[in-house]
Amino acid sequence: AKFKGLLENLLPTVEKKRKHHPALPYVDTARYTRDLYEKSAMHSNNQARDNWQATALGALKLILGTQARSADARNALWTHFNFEESYWMCPIGKAGGEEHKLPIPKNLLLSLKQRAKFATDERVFPGDNGHKFLSSNFLVRELRSFGYHDKKGKKITLHGFRATFTSWTAATGSGLKEDSQMQLGHKENDETYEAYMRDDLFDRRTALMQRYEDYA
């Protein structure tokens, strides 16, 4: 059946409601981070044996410390990290692989260096059961094992951490909107502003992410 010019005039208009990803309230960030790092320490000795739980916990740390999307974190390669200058050239999948320079705060850097000692190839988070990289299901399962919920009582999501970070930045006055949006890798809606804005605000974002890690 033809929709354009026919069914579109006969069928009722359906308004799409934007769904927000359940997010951890930023006031709970310190409690969640404590649980994450304590649990990770318990499994750290198993990293050499490709323990999927240790791998998933490492990915959760990377997401929390950089605000990268789940898929970008799970597909991370060691060749994109610069430990000497503390940054990650992260290829953004939603942007066709365009690289985004993300600062790495101090505790996360130590954690990544520790994990790198057990690396057998270029994959930061190798997969299991035939998966090349850590699967989304494993990562979500590990996140839910902590039992955290948003303000409405819904189970928090991986993507929701980006909302947690944005809310913290605004509520505490720890950074400007440009800083947080640049860290998230969002495109500027104002094409004129985007055309004239040539700086990636890396130094400001480095300071912002260290403040966030210190808070967490």
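This report walks through a predicted model, looking at one helix, a hairpin, two unusual loop residues, and some side-chain pairs.

## A helix with two sides

Let's start with helix 5, which covers residues 106-116. Its buried residues are Leu108, Leu109, Ser111, Leu112 and Arg115. If you look down the axis of helix 5, these buried residues fall within an arc of 165°, so they line one face of the helix. Turn to the other side of helix 5 and you will find Lys106 and Leu110, which are exposed.

What covers the buried residues of helix 5? The cover includes helix 2 (29-43), helix 3 (52-66), strand 1 (81-82) and helix 10 (202-215). Keep helix 2 and helix 10 in mind, as both names come up again below.

## A hairpin of two strands

Next, find strand 2 (residues 87-92) and strand 3 (residues 98-103). These two strands pair in the antiparallel sense, over six bridges. One place to see the pairing is Ile92, whose bridge partner in strand 3 is Glu98.

Five residues lie between the two strands of this hairpin. In the hairpin, Gly96 takes a positive phi near 70°. The hairpin strands also offer a charge and a ring to look at: the charged end of Lys101 sits over the ring of Tyr87, 4.5 Å from its centre.

## Two loop residues with positive phi

Which residues other than glycine have a positive phi? Ser86 is one of them, with a value of about 60°, and Leu201 is another, with phi near 55°.

Each can be found in a loop. Ser86 is in the loop between strand 1 and strand 2. Leu201 is in the loop between helix 9 (191-196) and helix 10. Is Leu201 buried or exposed? Leu201 is buried, with a relative accessible area of 9%.

## Charged side chains that pair

Side chains of opposite charge can pair when their charged atoms come close. How many salt bridges does the structure hold? There are five, and three of them are described here.

In one of them, the side chains of Arg31 and Asp28 meet at 3.8 Å, N to O. Arg31 is partly exposed, with a relative accessible area of 40%. In another, Arg123 meets Asp121, at 2.7 Å from N to O. Both of these residues count as partly exposed: Arg123 has a relative accessible area of 21%, and Asp121 is at 31%.

The salt bridge of Lys39 and Glu142 has its closest N and O atoms 2.7 Å apart. Lys39 lies in helix 2 and Glu142 in helix 6 (residues 136-144), so this pair ties together parts that are 103 residues apart in sequence. Lys39 and Glu142 are both buried. Lys39 has a ring beside it as well: its charged end sits over the ring of Phe146, 5.0 Å from the ring's centre.

## Rings that meet

Phe146 brings us to the aromatic side chains. A pair of aromatic rings is described by the distance of the centres and the angle of the planes. Across the whole structure, a search finds 14 aromatic pairs. In one of them, Tyr32 and Phe146 have ring centres 5.6 Å apart and planes at 70°, so the pair is edge-to-face. This pair links distant parts of the chain, 114 residues apart, with Tyr32 in helix 2 and Phe146 in the loop between helix 6 and helix 7 (160-172). Tyr32 is buried, with a relative accessible area of 0%, and Phe146 counts as buried at 14%.

How are the rings of Phe165 and Tyr212 placed? Their centres are 5.2 Å apart and their planes at 70°, so this pair is edge-to-face. Phe165 lies in helix 7 and Tyr212 in helix 10, so the pair ties together parts that are 47 residues apart in sequence. Phe165 is buried, with a relative accessible area of 0%, while Tyr212 counts as buried at 2%.

Phe165 and Tyr212 also belong to a cluster. Which residues do ring pairs link into this cluster? They are Tyr26, Phe165, Trp168, Tyr212 and Tyr215.

Technical notes: Residues numbered from 1 in each chain as written. Predicted model: local features only at pLDDT ≥ 70, side-chain atom pairs only at ≥ 80, totals over all residues. Heavy atoms only, no water. Buried < 20%, exposed > 50% of the residue type's maximum accessible area, 1.4 Å probe, protein only. Helix = DSSP H or I, 4+ residues; strand = E, 2+ residues; numbered from the N terminus. Arc of directions from axis to C-beta. Contact = heavy atoms within 4.5 Å. Pairing = 2+ DSSP bridges. Salt bridge = Lys/Arg side-chain N within 4 Å of Asp/Glu carboxyl O. Phe/Tyr/Trp six-rings, centres within 6.5 Å; stacked < 30°, edge-to-face > 60°. Lys NZ or Arg CZ within 6 Å of the ring centre and 35° of its normal.
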